[in-house]
Amino acid sequence: MDTPAPGSETVSLTVHDCWKHLETSSVGRVALVIGGDPEIFPVNYAPDFGTVIFRTGPGTKLSALKGGKSVAFEADGFNTYGTIAWSVMVKGTAELVENTAELQEAAATSPSPWQAGVKDQLIRIVPREVSGRRFVISAPAQWWPPLEPGVAPSDPGNGT
């Protein structure tokens, strides 16, 4: 992830904090390469003993994940008040979980898919890198350009 600029309100997360944030959400995105092109798929996930697990069914995603392919996984969220956001990236290798004991153990923690259809394959992402950041959500006046050249955005605190 990008290093925050000095004085910014962006904080790099420790690996421990990244996992704590991942435990507060259940929807993320898996990025992988299919036929030379990047693809991103939303998934319901669960952290599982230092890995990320999710279910999928037969099709493009499963075919692309087989064979220990490198993948990236990203999830994000924000606090109750919508003032602080976080983003976590997990880079690693995708594995098809086939061990019966692991499947039974993961059944209790793996989230239910949103979309109907067979989702009988459990995928585990084994991380080689975990990184994240937390940042204060800026008011639009801080990032939106003025409507007219040379006119500064109004400051909600001064009544203009």
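This briefing walks you through strand β4, its partner strands and the nonpolar cores of the structure. Please keep in mind that the model is predicted. A good place to start is β4, which spans residues 51-56 and is mostly covered, with 5 of its 6 residues buried. It pairs with β3 and also with β7.

**Strand β4 and its partners**

- Strand β3 covers residues 37-48 and runs antiparallel to β4, with 4 bridges between the two.
- Across this pairing, Ala-46 sits opposite Ile-53 of β4.
- Together β3 and β4 make a hairpin with 2 residues between them.
- Look for Phe-49 in that turn, where phi is positive at about 50°.
- Strand β7, residues 121-136, is also antiparallel to β4, and here there are 5 bridges.
- One residue to find in β7 is Leu-122, the bridge partner of Arg-55.

**The largest nonpolar core**

- As a general backdrop, nonpolar side chains tend to be buried together in soluble globular proteins.
- Here the largest nonpolar core holds 24 residues, and Leu-22, Val-30 and Phe-73 have the most contacts inside it.
- At least two residues of this core come from each of α1, β2, β3, β4, α2, β5, β6 and β7.
- Strand β6 gives the largest share, 4 residues.
- Leaving aside residues up to four places away in sequence, Val-30 touches several others, including Ile-40, Phe-54, Leu-65, Phe-73 and Ile-125.

**A separate core**

- Another core, of 5 residues, lies apart from the largest one.
- Among its members are Ala-46, Ile-53, Ala-106 and Leu-122.
- You have already met Ala-46 and Ile-53, which stand opposite each other, and Leu-122, which bridges to Arg-55.

Key. Residues are numbered from 1 along each chain as its sequence is written. This is a predicted model: local features need pLDDT of at least 70, side-chain atom pairs count only at pLDDT 80 or more; totals for chains, interfaces and linings use all residues. Side-chain values use heavy atoms; hydrogens and water are left out. Buried means under 20% relative accessible area, exposed over 50%, partly exposed in between (1.4 Å probe, protein chains only). Two strands pair if DSSP finds at least two bridges between them. A nonpolar core is a set of buried Ala, Val, Leu, Ile, Met, Phe, Trp, Tyr and Cys residues joined through side-chain atoms within 4.5 Å. Contact means heavy atoms within 4.5 Å.
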